[in-house]
Amino acid sequence: GDNNYAYPTWLYWRLLGVEGDYPFRRLVDFTITSFITILFPVHLILGMYKKPKIQVFRSLHFTSECIFCTYKFFCFRWKLKEIKAIEGLLQDLDNRVESEEERNYFDQIPSRVARMLSKSYLVAAISAIITATVAGLFSNGRNLMYLGWFPYDFQATSPIYWISFFYQALGSSLLILENLANDSYPPITFCVVTGHVRLLLMRLSRIGHDTRITRSENTRKLIEGIQDHRKLMEIIRLLRSTLHLTQLGQFLSSGINISITLINILFFAENNFAMLYYAVFFAAMLIELFPSCYYGTLMTMEFDKLPYAIFSSNWLKMDKRYNRSLIILMQLTLVPVNIKAGGIVGIDMSAFFATVQMAYSFYTLALSFRV
């Protein structure tokens with residue numbers, strides 16, 4: 001199959017000028033990186049200087065989201081080589097899909113889920129862009145979308161105000177796109193890797209049950225299975241290196257932003273529209289975290305089934321040499337496979353529930369201050 005599940009991520013990278021061979025790519029890249037990726041969060045941070053506390057708190061969640069987004073973006077850029085290596089290995093595993101049953105399974109589940117994930121992330125991003133811009137346009141007076149610092153008075157004349165407003169609209173939209181590329185990468189990759197582990201399970205458990213197949217052919221199948229497993233473990237190694245820092249940033253930003261949003265809902269939301277906005281933002285933070293954790297858990301569970309699949313193959317009928325290889329593979333598959341963010345937090349459902357629990361305890365703590 002073709003690698004169309006990773007395609008959306010590469011499309012965003014191309015739009016942002018990170019990847020691809022087209023004229024002016026370096027220029028586009030340099031412009032976006034310096035004026036948006038770096039300057040946008042900086043102008044938001046400077047914009048908070050000497051502002052009333054209530055205003056600062058209202059824009060704090062967006063500012064911190066932008067800071068973490070830029071951080072994750074640079075982490076991913078730094079690991080672009082690893083990401084490409086993962087693509088290559090997944091391509092190799094794609095080419096291994098042989099039988100009709102395997103192809104059907106793969107087209108039905110991993111490919112479909114991966115496409116669905118990328119579409120739902122896109123919808124979330126577009127709705128975020130629209131709500132933010134509309135809220136900015138409908139605010140009374142010449143207000144910007146977010147507190148920001150400009151080297152001039154942005155309210156001086158109408159054109160200057162609109163240029164500043166446009167910069168914020170464009171900046172937030174591009175950062176949301178960057179966030180999309182950052183956030184959709186782990187769950188989509190986990191999902192596809194899970195699919196390939198499932199295919200390996202199918203292949204391994206089938207070995208030796210068909211009596212028409214010769215011994216040497218069965219041995220060849222086992223060796224191919226060992227090679228597939230090696231490729232999968234290499235992908236896991238590369239994913240560990242790629243997601244080590246980015247997902248740590250993801251957990252930190254979720255934790256911090258959920259807390260800020262709850263404070264806003266409890267103390268600073270002045271009307272229902274603001275409440276709704278914060279509630280949507282709160283949901284978005286959880287939704288941002290959920291797919292990675294969910295597919296991280298699924299992936300670990302599939303890897304855990306490998307020893308059983310090996311055991312279900314017809315190894316009683318095989319010779320000593322075959323069984324020796326089988327035992328070695330069995331030993332290799334007994335190691336639990338999980339990916340930890342920052343080497344501390346496992347990217348799995350327990351981390352997701354820990355985040356929700358933290359949000360709840362923070363909420364009850366803040367409530368006790370409210371009285």
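This report describes a predicted model of one protein chain, from its overall layout to a few individual residues.

## Overall layout

The protein chain has twelve helices and two strands. In sequence order the elements run α-α-α-α-α-α-α-α-α-α-α-β-β-α, with the two strands placed just before the last helix. The C-alpha trace spans about 85 × 55 × 30 Å along its principal axes.

Of the 371 residues in the protein chain, 49% are buried. Among contacts in the protein chain with a separation of 6 or more, 80% are between residues 24 or more positions apart.

## Surface and charge

About 18,800 Å² of the protein chain is exposed, and carbon and sulfur atoms supply 67% of that area. The chain carries 36 positive and 28 negative charges. The mean positions of these two sets of charges are 4 Å apart.

One positive side chain is placed against an aromatic ring. The charged end of K79 sits over the ring of W78, at 4.4 Å from the ring centre.

## Two buried residues in helix α7

Helix α7 covers residues 158-206 and includes T194. T194 has a relative accessible area of 9%, and it counts as buried because the cut-off for that class is under 20%. Leaving out residues up to four places away in sequence, T194 touches Y295, L298, M299 and E302.

P186 is also placed in helix α7. Its relative accessible area is 0%, so P186 is buried. Apart from neighbours within four places in sequence, P186 is in contact with F76, L243, Q247 and S292. One of these residues, L243, is 57 residues from P186 along the chain, yet the C-alpha atoms of P186 and L243 are separated by 7.8 Å.

## Aromatic pairs

The structure holds 16 aromatic pairs. One of them joins F290 and Y294, and this pair is stacked because the ring planes are at 15°, with the ring centres 5.5 Å apart. F290 and Y294 are both in helix α9, which covers residues 272-304. They are separated by about one helical turn because they are four residues apart in that helix. F290 is partly exposed, with a relative accessible area of 34%, and Y294 is partly exposed at 35%.

F311 and W315 form another aromatic pair, which is tilted. Their ring centres are 5.4 Å apart, and the angle between the planes is 45°. W315 is partly exposed, with a relative accessible area of 28%. Elsewhere, ring pairs link F40, F62, Y146, F150, Y152, F154 and Y167 into a cluster.

## A loop residue with positive phi

K50 lies in the loop between helix α2 (25-47) and helix α3 (53-78). Most residues other than glycine have a negative phi. K50 is not a glycine, but its phi is positive, at about 55°.

K50 is exposed, with a relative accessible area of 72%. That value puts K50 in the exposed class because the cut-off is over 50%.

Conventions. Residues are numbered from 1 along each chain as its sequence is written. This is a predicted model: local features need pLDDT of at least 70, side-chain atom pairs count only at pLDDT 80 or more; totals for chains, interfaces and linings use all residues. Side-chain values use heavy atoms; hydrogens and water are left out. Buried means under 20% relative accessible area, exposed over 50%, partly exposed in between (1.4 Å probe, protein chains only). Contact means heavy atoms within 4.5 Å. Accessible areas come from the Shrake-Rupley method with a 1.4 Å probe; for residues, only the protein chains shown count as cover. Lys and Arg count as positive and Asp and Glu as negative; His and the chain ends are not counted. The place of a charge is taken as NZ of Lys, CZ of Arg, CG of Asp or CD of Glu. Rings of Phe, Tyr and Trp (its six-membered ring) pair if their centres lie within 6.5 Å; planes under 30 degrees apart count as stacked, over 60 as edge-to-face and the rest as tilted. A charge sits over a ring if NZ of Lys or CZ of Arg is within 6 Å of the ring centre and within 35 degrees of the ring normal.
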